[in-house]
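Got your viewer open? Keep the selection box handy and we'll walk through this one stop by stop.

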Amino acid sequence: MRIIRFSPGPDSGLGTDPLFGVLEDDATITIITGDPIYAGIQRTAAKVDLNKVRLLAPVIPRSKVVCIGKNYADHAAEMGGVVPDEPIIFLKPNTSVIGSMDTIVWPKMSDRVDHEVELAVVIGRLCKDVPIERVNDVIFGYTIANDVTARDLQKKDGQWTRAKSFDTFCPIGPWIDTDFIPGVQKITASVNGEIKQSAHLNDMIFKVPEIINFVTRVMTLLPGDIILTGTPAGIGPMVAGGTSTMTIEGLGELTNKVSRI
Ligand code: MG
């Protein structure tokens, strides 16, 4: 099931507050009651046309975005590092999250802002110390993320907080798929239509079960928290005034303009 969050538009008669819905086909949304991560998926009778709404980030985490670094061997190599023997984790603030078609704002502090396409896991329930065999109990679904990174500041600072944390630096979407099972799906990133990253999800060093087990041995995860599972080789700068598109086979396309506003 594909869960979307959207702004219904001034002429819809549905008000102006963000709503959640199930994308039934490629055109029709059935509106659901409340936030499905907390309230479950409760369909109403109301339907709306996908083309008449504005998509929003499908979830805004109430607490955190946890990210995995160097989780594809070819990317670890291009960063000049060795393959880690356990996951490297860092955080992005929830204030960095935006949706598909929103604009990534290029900060004045940086001369190089990179794309990093990643599979994102949306957590569905409070959890701690999750055993490998029980990770499916805590996953709400999957979406696509761009772990936008000010590469020059990452190198200059020697740690990653500033480089990863600017507002708009965590586009996610276009929706959450609650049935997706990570396997051999293709994952790509392109800048102005030119493919820059291309790999498969099974190239990940640490797979989703190991990641959730590891992260929850460190910190409690809350409903709506997101885990970004790392990016493959081919990272590089986006273009101010251009467009970046992240894809994962089966999860759609996450497209954002980049602007120096
Ligand atoms: Mg990353």
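A quick definition before we click on anything: a residue is called buried when its relative accessible area is under 20%, exposed when it is over 50%, and partly exposed in between. Also keep in mind that you're looking at a predicted model.

**Stop 1: a bridge with one end outside**

Select R2 and D26. They form a salt bridge, with the closest N and O atoms 3.3 Å apart. R2 sits in strand β1 (residues 2-7) and D26 in the loop between β2 (19-23) and β3 (28-32), so this pair ties together parts that are 24 residues apart in sequence. Now switch on the surface. Is D26 buried or exposed? Its relative accessible area is 62%, and the cut-off is over 50%, so D26 is exposed. R2, at 19%, falls under the 20% limit and therefore counts as buried.

**Stop 2: the magnesium ion**

Next, click on the magnesium ion and show E116, E118 and D147. These are its protein donors, through OE, OE and OD atoms respectively, lying 2.0 to 2.1 Å from the ion. Along the chain the donors follow the spacing E-x1-E-x28-D. E118 belongs to strand β11 (residues 117-123), while D147 is in the loop between β12 (139-146) and β13 (149-150), 29 residues apart. Both E118 and D147 are buried.

**Stop 3: from the metal to a network**

Keep E116 on screen and add K164. Their side chains meet in a salt bridge (3.4 Å, N to O). This one also links distant parts of the chain: K164 is in helix α4 (residues 161-165) and E116 in the loop between β10 (113-115) and β11, 48 residues apart. Both ends are buried, K164 with a relative accessible area of 2% and E116 with 4%.

Now widen the selection to K92, R112, D114, E116, D147, R151 and K164, which are linked in a network of salt bridges. Across the structure, the salt bridge count comes to 13.

**Stop 4: the cavity**

How many cavities of 30 Å³ or more does the structure hold? Just one, with a volume of about 90 Å³. Of the 15 residues that line this cavity, select the closest to its centre: G69, K70, H75, E116 and W160. Strand β6 (64-69) and helix α3 (151-157) are the elements that give two or more residues to the lining. Colour the lining by class and you'll get four nonpolar, five polar and six charged residues.

**Last stop: a partly exposed pair**

Finish with E194 and K196, which form a salt bridge with their closest N and O atoms 3.3 Å apart. E194 is partly exposed at 49% relative accessible area, and K196 is partly exposed at 36%.

Conventions. Residues numbered from 1 in each chain as written. Predicted model: local features only at pLDDT ≥ 70, side-chain atom pairs only at ≥ 80, totals over all residues. Heavy atoms only, no water. 1 Å grid on protein atoms, 1.4 Å probe; cavity = no way out; pocket = protein on both sides within 12 Å on 5 of 7 lines; lining within 4 Å. Points joined across faces, edges and corners; volume = space filled by probe spheres on them. Helix = DSSP H or I, 4+ residues; strand = E, 2+ residues; numbered from the N terminus. Nonpolar A, V, L, I, M, F, W, Y, C, P; charged D, E, K, R; others polar. Donors = N, O, S within 2.8 Å, 3.2 Å for Na, K, Ca; no water. Buried < 20%, exposed > 50% of the residue type's maximum accessible area, 1.4 Å probe, protein only. Salt bridge = Lys/Arg side-chain N within 4 Å of Asp/Glu carboxyl O.
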